Amino acid sequence: MNVLTSITVLGFLIFFHEMGHFLAAILQGIYVDGFSIGFGPSIIQKKYKDITYSFRAFPLGGFVSFPDEDLNNIDPKDPNLLKNRPIIQRVIVISAGVFANLILAYTILIINVTTVGIPFDPEPGILVLATQPEKAAYLAGLVPGDKILEIETITLGAGDQAVSTLVKEIQNSSDDPISIKIERDGILKDLTLIPKNVNGKGTIGAQLQPNIKKETKKTKNVYELFKYSNNEFSSLLVKTIQGYKGLITNFSSTAQQLSGPVKIVEIGAQLSQQGGTGILLFAALISINLAVLNSLPLPLLDGGQLVFTLIEGLRGKPVPLKVQMVVTQSSFFLLVGLSVLLIIRDTSQLLIVQKLFNQ
């Protein structure tokens, strides 16, 4: 049931993205002849007012199609064809999907804050959420629920800054023992961590977060509601952009953090176990990721089409069709190859698959 919920959320986010393109075209009077969720053969198809709406076999994307003047017997100079519209109108159509996902993510965060509330200010210490077997944190004796208060006699304080201080100290201490003070069930303990060297940086194999109460509080007024939502939205957007930037500038170190559709569904299923809050958080995160991903300057994505359109605006004529085809085909094989690799990797990491291999 949780997996089905995750897939449903993904489908809704894709639908919302494509609806952005669709409405941006329709509202400007631009011809549209197809609206599809998914790729591959159609499972459900319905034609209404010269537009074919379809749901296809592989719901991992979607598209809005525009009529070909030769096939649809349309005058090539018809002003309502997308290619004949001014650059600014075409930019609006191309960019509308990205903005739709950003608007949706922001709206979801507003709904979440309104219904669930906002967390209390962080308390001193860093909370250990989980440890990986046989990694440095596990070997040192850290367990979920521990609060790390000090590292090398340095008091860590509270919040994200405390986490950053701890992580930086760990990264700079690969293979060197470091002392930490923790609190467990109200009792203080001293432990020794020996971070493992991975690509020149120390790691301990633990999931950490600021020490924040599980309880939440209602916002006092509209100003506090929007202030917190704005901060959350900005933080998620900046971190997502930084993540994609890291893939480009430091691919070897960040490639393992890439998640394919299988892993995304698994994460969504785990978050949906937390109820409505988890589902809303998953939807906001993926919606922002879809917006940033589609902004990348790859021809099969909105960002790539935007680049071609802007170049046309500067040149005064379209980019040669042969150039577009070569770049698009290269981009297609790159994205498909990466998707296949991610699906294979993520599937092999699923618990049920690992159990089958170990039988």
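The following exchange goes through aromatic pairs, nonpolar cores and one helix of a predicted model.

In this predicted model, local features need pLDDT of at least 70 and side-chain atom pairs count only at pLDDT 80 or more, whereas totals for chains, interfaces and linings use all residues. Residues are numbered from 1 along each chain as its sequence is written, and side-chain values use heavy atoms, with hydrogens and water left out.

Colleague: What is the angle between the planes of Phe35 and Tyr53?

Modeller: Rings of Phe, Tyr and Trp (its six-membered ring) pair if their centres lie within 6.5 Å, with planes under 30 degrees apart counted as stacked, over 60 as edge-to-face and the rest as tilted. The structure holds six aromatic pairs. One of them joins Phe35 and Tyr53, which are 6.3 Å apart centre to centre and count as tilted, with an angle between the planes of 50°.

Colleague: Why does the pair of Tyr106 and Phe233 tie together parts that are apart in sequence, and how many residues apart are they?

Modeller: Tyr106 and Phe233 form an edge-to-face pair, 5.6 Å centre to centre and with 90° between the planes. Helices (H or I, at least four residues) and strands (E, at least two) are DSSP runs, numbered from the N terminus. Because Tyr106 lies in helix H2 (residues 87–116) and Phe233 in helix H5 (residues 222–249), the parts tied together by the pair are apart in sequence by 127 residues.

Colleague: Which element gives the largest share of the largest nonpolar core?

Modeller: A nonpolar core is a set of buried Ala, Val, Leu, Ile, Met, Phe, Trp, Tyr and Cys residues joined through side-chain atoms within 4.5 Å, buried meaning under 20% relative accessible area, exposed over 50% and partly exposed in between (1.4 Å probe, protein chains only). Of the 20 residues in the largest core, Leu13, Phe233, Ile286 and Ile288 touch the most other members. Helix H1 (2–26), H2, H5 and helix H8 (276–295) are the elements that give two or more residues to this core, and the largest share, eight residues, comes from H8.

Colleague: Within what arc do the buried residues of H4 fall?

Modeller: The buried residues of helix H4 (residues 159–171) are Gly159, Ala162, Val163, Leu166 and Ile170, while the face turned away from this buried side carries the exposed residues Asp160, Gln161 and Lys168. The arc is that of the directions from the helix axis to the C-beta atoms. Seen down the axis of H4, the buried residues line one face of the helix, because they fall within an arc of 100°.

Definitions and conventions: Expected span 1.5 Å × (residues − 1).
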